[in-house]
Amino acid sequence: MIKKLQHIFALSEKGARDLVKAVIWCFVCNLALMFPVGAVLFTVQHLLGCLEGGGSPMDGFWIYVGFALVVLILLFVLHWFQYASLYIATYRESANRRVSLAETLRRLPLSFFGNRDLSDLTSTMIADCSSLDQMFSHYVPQLFASVGSTLVIGVCMFACDWRMALAVLWVVPVAVALTAGSKKIQDAFGTKNILNKRAVADCIQEGLETIRDIKACHRQERYLDGLEAKLAAMEGSSIRSELATGVFVCSAQAFLRLGLATTVLTGGALLLAGELPFLYFLGFLFAATRLYDPLGVVLQNIAATFNTKLQIERMRSILEQPVQTGTEDFRPNRYDITFDHVSFAYREGAGVLEDVSFTARQGEVTALIGPSGGGKSTACKLAARFWDVTGGKVSLGGTDVSTVDPEALLRSYSMVFQDVVLFRDTVMENIRLGRRGATDEEVLEAAKAAQCDEFIRKLPQGYQTVIGENGSTLSGGERQRISIARALLKDAPVVLLDEATASLDVENESAVQTALSRLLQGKTVLVIAHRMRTVAGADHIVVLENGHVAQQGTPAELMEQGGLYRRMVELQSENAQWRLG
Ligand SMILES: Nc1ncnc2c1ncn2[C@@H]1O[C@H](COP(=O)(O)OP(=O)(O)OP(=O)(O)O)[C@@H](O)[C@H]1O
């Protein structure tokens, strides 16, 4: 059962066990709601006895007070346990759910993120988690518990008087059927509403991310019209969804109250016919009011759980993704990168690399060149297991990278990519990301080597200046130099450079090239460059064209061979003569 609950509600094993405990405590508390009914009946019986026998109503007063106090304390204790099992356990599970989502995301290959809408993932992490908190703290345990307690109370009622039991309970299946019968309608409205809300969130996120381009292309009005249309759709679907839920749930709740009337009528008739003791009549009346309260909540809860199906499915679709695993103990003797007949596709049927084989040797600079879209960046990322290959093998120091834990593997890599990612933090900490625990002096040394020191010192607080999100307050070249400083600080045995010096001016480029060449000594270097000048000093060049290795060899060999490499070199020297106008 625990396994089933885990699957249905996307819970951990402990979460599923806690859910069972919460249901049991809610069930006990629901039954305990009948204690006050017993206390009242006990007192009324005593008063009636006094009226009939002529005794004083004050006789045994303290016994009744004591009884009421015991009931009160019992209810308090039971509710305290219910609270602990319901809320404390639920929120602990909810914290665990968020952590395990984050952990799963951390271990997923990048291909997963390529196929998913990122704002959709954000809303799963934030909004869906919050909805599930609410569902498990308020709805699900109470729902199961109320079904159980209603059954037990129903059986007891039938045991006392089946006619009165029928008068009280006949409304229950009808009210539940009315709510459950509307599931399809509520599901449809609820799902549409969730999708519309997500569309609005996506649109806002997209707008924020692309605000510069929207303004540059004068698309503000068009963007706002689109957003307004999405907001209107969300408003409409929210109203329809609330209305659908409200109509059915309120009708069912109102119907439930009809049971009070039938209880009074049946009880009255049986009482007049002398077939029901007055105390029983009173007992059924009190019990009915106590029973309908939690049942009314159950009807609401049934409706609320309909809408969470989609959210649970989305959560499950992340938690059940196959994560990248492998050995954490990875200490190769050498760091040659070998591509052995590698094929790769981001999407099924759309191959990006096909039968690619080459070796980037330790102590050498291997350059990947070729026309745009040929697969250079993809190959670079496969070398660091950002994705798993679809065919062939990529190995580092003779070990298949797909058998190594991604985080253990990445310890051997320093990377500088075209799209530099910087964080909203000080410049010092952004560079220190390269190696946690590096001293300030080491950070400064790396910054100087990457030609960053001069511009950093000109910032308002120097190295302590907080840079905007993704380094938005820095120029492209400055961002790239910080990222190079980070890579230099890490000083890993393998260095991947993707257009590492693309955003630098000529002066800075040659300075950084000097720093890089000093620091790249003895390492395995895989570099992507569009400018032939950058790769002229490489030890080995691999020309990638349409996902295939078109040529490979030393620059001199390739020049002699002719073909794509020589054509690119010649074209670029022609382009160097090109002038505006
Ligand atoms: N995350 C991704 N999801 C799907 N397709 C992708 C992804 N990244 C790249 N591609 C596609 O894979 C192919 C190779 O891209 P890649 O970036 O590896 O080429 P490249 O040779 O580095 O190009 P460039 O020199 O322009 O950077 C292209 O057709 C590109 O559209």
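Student: Why is histidine 218 called exposed in this predicted model?

Tutor: A residue counts as exposed if 12 or fewer other C-beta atoms lie within 10 Å of its own. Histidine 218 has 8 C-beta neighbours inside 10 Å, and therefore it is classed as exposed. Histidine 218 belongs to the loop between helix H10 (211–216) and helix H11 (220–272). Its phi is positive, about 50 degrees, although histidine 218 is not a glycine.

Student: Why is asparagine 546 called partly exposed?

Tutor: The buried class begins at 20 other C-beta atoms within 10 Å, and the exposed class ends at 12. Asparagine 546 has 14 such atoms within 10 Å, so it falls between the two limits and is partly exposed.

Student: Where does asparagine 546 lie?

Tutor: Asparagine 546 is in the loop between strand E9 (540–545) and strand E10 (548–553). These two strands form a hairpin with two residues between them, and asparagine 546 in the turn has a positive phi of about 50 degrees.

Student: How do you know that E9 and E10 pair?

Tutor: Two strands are said to pair if DSSP finds at least two bridges between them. E9 and E10 are joined over five bridges in the antiparallel sense, so the criterion is met. In one of these bridges, leucine 544 has valine 549 in E10 as its partner.

Student: Which residues touch the most other members of the largest nonpolar core?

Tutor: They are Ala485 and Leu496, in a core of 66 residues. Helix H19 (residues 476–490) gives the most to this core, namely six residues. At least three residues come from each of domain 2 (334–412 + 522–575) and domain 3 (413–491).

Student: What makes leucine 496 a contact partner of other residues?

Tutor: Two residues are in contact if their C-beta atoms lie within 7 Å. Leaving aside residues up to four places away in sequence, leucine 496 touches Cys380, Ala383, Ala384, Tyr413, Met415 and Leu526. A second, separate core has 48 residues, including Val23, Leu86, Ala175 and Phe306.

Student: How many residues surround the ligand, and which come nearest?

Tutor: There are 10 residues around the ligand, of which Tyr346, Ser372, Lys376, Ser377 and Thr378 come nearest. Helix H14 (residues 376–383) provides the largest share of the shell, three residues.

Student: What makes up this shell by class?

Tutor: The shell around the ligand has seven polar, two nonpolar and one charged residues. Lysine counts as charged, and Lys376 is among the residues that come nearest to the ligand.

Technical notes:
Residues numbered from 1 in each chain as written. Predicted model: local features only at pLDDT ≥ 70, side-chain atom pairs only at ≥ 80, totals over all residues. Helix = DSSP H or I, 4+ residues; strand = E, 2+ residues; numbered from the N terminus. Core = buried A, V, L, I, M, F, W, Y, C linked by C-beta atoms within 7 Å. Domains from an automatic or database assignment. Near = placed C-beta within 6 Å.
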